Every structure is written in structure tokens, then in C-alpha cells.
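Reader: Could you take me on a close look at the disulfides in this predicted model? I'd like to know where they sit and what lies around them.

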Amino acid sequence: MKRLLAALFVLLFAGPVAAQSVSFPSVTVGSSQAGPEVKGWIYKPSGNGPFPAIILAHSCAGTNTHTDVWGKLLVSWGYLVLAPDSFGPRGTKAVCTTPGMVTPNMRVADIAGALDYLATRPDVVKGKIGIIGHSHGGSTVLRSTQKNFGLAQRGLAAGVAYYPGCNPQFDGGVDVPVLLLAGDKDDWTPADRCRTLVSGLSRAGLVDAVYYPNAYHSFDSKVADRNVPGAGGKQHHLAYDPSAAPDAEARTKAFFAKYLR
């Protein structure tokens, strides 16, 4: 079994940009208590750097091929990428049907640890660290940018949240620039909750929100349309959107260039 898992890991993370395994402590910040030691993967451009860095927060499905695709894409733009695994150290692989097992609030402690770890690397530009996440990872982006956690003081400069589960009650204190990308046909993380969140932010102008009228959840993932189970036995539709995906990618690239270069 161990050999099989090792072989699967090689297949998943093999390619032009190899991912290096790393580990670092999770760190208590505010109401987010430190979790177990975090495992993660570093994707690095060629050369010695230093490079601006981006933390890649996985979805409710955990680290998978989607993580690898985005890790390699961000490297192609010139960023060092750290993809932490917030689920494995906590004893699970995914939380799509059990969202309370590991919450975005819990993951903030991992993001704080990731920022502290990146600050120790000589190949990372200090104070030029972004975060990007999808779905559960997008919710983690929004939660990590809250003023009460103070991650801006740890070097967090910008965040991109793809189809996040917006929580107007807890996410209104954004204090770093955020690009929010959502689909109006998303039946898992409704865009209208993001509209409510953005309209009630304590600091206006920090969140640039884009809503794609025909996009469903997971609109950037180039796989076949499908229905997947969520919490409470509900089914959710996931579909690639050939219009929204490239537009969101271009906006993401420009956004990070603006704040991390």
C-alpha cells in the first residue's frame, strides 16, 4: 500500500515543475487555534530568486490534480508556490460532505504558519506573498484576509478567491486587496451571499468582485460536467465555463502582478 501511495504521489506531482515536500507548524492567530504540523508542497521557478510567493489553498476535495494544475500555472507566471494540505494532518482527505470537520477558520492557522515559513526562505521576496483558493479554499482566502487575524502583518499582500462560500457574518473585515470570482449559477456557494458580503464590508474598495452570469461551481476545472454530493445529501452541479475560466485566469494574473510585483 505504501508503495502504491508513493507511486500515485509521483504521478500526481510529476512534470516540468516538480513539487518538493515540506512541513511547518500551524500557528494560533486570534480565534484560529494551531492545528497539527502542516504538510505541503513547494513549486518553484527555475533560478535562485528571490520570488514573490503565493499560498495555494485547496478545495474541499483536498490536494489533488487541480492543486497541481494551479501550482504549475502560478510557477509559469514567476511565483514560488506553497500548497499546504490542511486535511491530511487532521485525519481526513476531503470535507465536501462533512464541512464541519475542518473549517476555513481552522485553516487560517495553517495559512499563518505558511506565511511564517515562507518568511524564512531566502528565495522568497519579503512582504510579497499572496493567497489563492477555490471553493473551501476560496472561503479560506476570505477568512485569512480578516483584520482580526493580522495576517497582513505577516506578509500577506493580496488574495484571490474562486467561488468561495461567502459568510457576511464573519468575513466583513477584509483588510488586504481581494479578487473575488463567482458564478451566478453556482448552487453550492451562491454568488448572492458574496454580493451581500461585499456590500457590507467595513472597508469599501478592497474587494474586486466579478460575477459570471452563466458559470457554475468549479468553472475553471477542465473536466466533464458532473453532479457531486455535498453536506446533507444535496447534489451540486460542477461545470467548466469556456468564457469565465480564461477571463478569471487573466484577471488573476493581472491582480497578482499588481500587488506582488
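Author: Here's a walk through the disulfides, followed by a cavity and a hairpin.

Keep in mind that this is a predicted model. A search of the whole structure turns up 2 disulfides. Counting bonded cysteines along the chain, they follow the pattern 1-2, 3-4.

Let's start with Cys60 and Cys96, whose sulfurs are 2.0 Å apart. This disulfide links distant parts of the chain, 36 residues apart. Cys60 sits in the loop between strand S3 (51–57) and helix H2 (65–76), while Cys96 is in the loop between strand S4 (80–85) and helix H3 (104–119). The torsion about the S-S bond is about 95°, so this one is right-handed. As for Cys60 itself, its relative accessible area is 8%, which means it counts as buried, the limit being under 20%.

Now for Cys166 and Cys194, again with 2.0 Å between the sulfur atoms. The link of Cys166 and Cys194 is right-handed too, with 90° about the S-S bond. Cys166 lies in the loop between strand S6 (156–162) and strand S7 (178–183), and Cys194 belongs to helix H5 (residues 191–199), so the disulfide ties together parts that are 28 residues apart in sequence. Both ends are tucked away: Cys166 is buried at a relative accessible area of 4%, and Cys194 is buried at 0%.

Back to S3 and H2, the elements on either side of the Cys60 loop, for a bit of empty space. The whole structure has 1 cavity of 30 Å³ or more, and its volume is about 60 Å³. S3 and H2 each supply at least two residues of its lining, with H2 giving the most, at 3 residues. Among the lining residues are Leu56, Ala57, His58, Ser59 and Gly62, along with Asn64, His66, Thr67 and Trp70. His134 is part of the lining as well. Sorted by class, the lining has 7 polar and 3 nonpolar residues, and no charged ones.

One last stop, further along the chain, is a hairpin. Strand S9 (residues 226–229) pairs with strand S10 (residues 235–238) in the antiparallel sense, over 4 bridges. Arg226 has Leu238 in S10 as its bridge partner. There are 5 residues between the two strands, and Gly232 in this hairpin takes a positive phi near 70°.

Key
Residues are numbered from 1 along each chain as its sequence is written. This is a predicted model: local features need pLDDT of at least 70, side-chain atom pairs count only at pLDDT 80 or more; totals for chains, interfaces and linings use all residues. Side-chain values use heavy atoms; hydrogens and water are left out. A disulfide is a pair of cysteine sulfur atoms within 2.5 Å. Buried means under 20% relative accessible area, exposed over 50%, partly exposed in between (1.4 Å probe, protein chains only). Two strands pair if DSSP finds at least two bridges between them. On a 1 Å grid over the protein atoms alone, a cavity is a set of points where a 1.4 Å probe fits but cannot get out, and a pocket is an open set with protein on both sides within 12 Å along at least five of seven lines; lining residues have an atom within 4 Å of a point. Grid points are joined across faces, edges and corners, and a volume is the space filled by probe spheres set on the points. Ala, Val, Leu, Ile, Met, Phe, Trp, Tyr, Cys and Pro count as nonpolar, Asp, Glu, Lys and Arg as charged, and the others, Gly among them, as polar.
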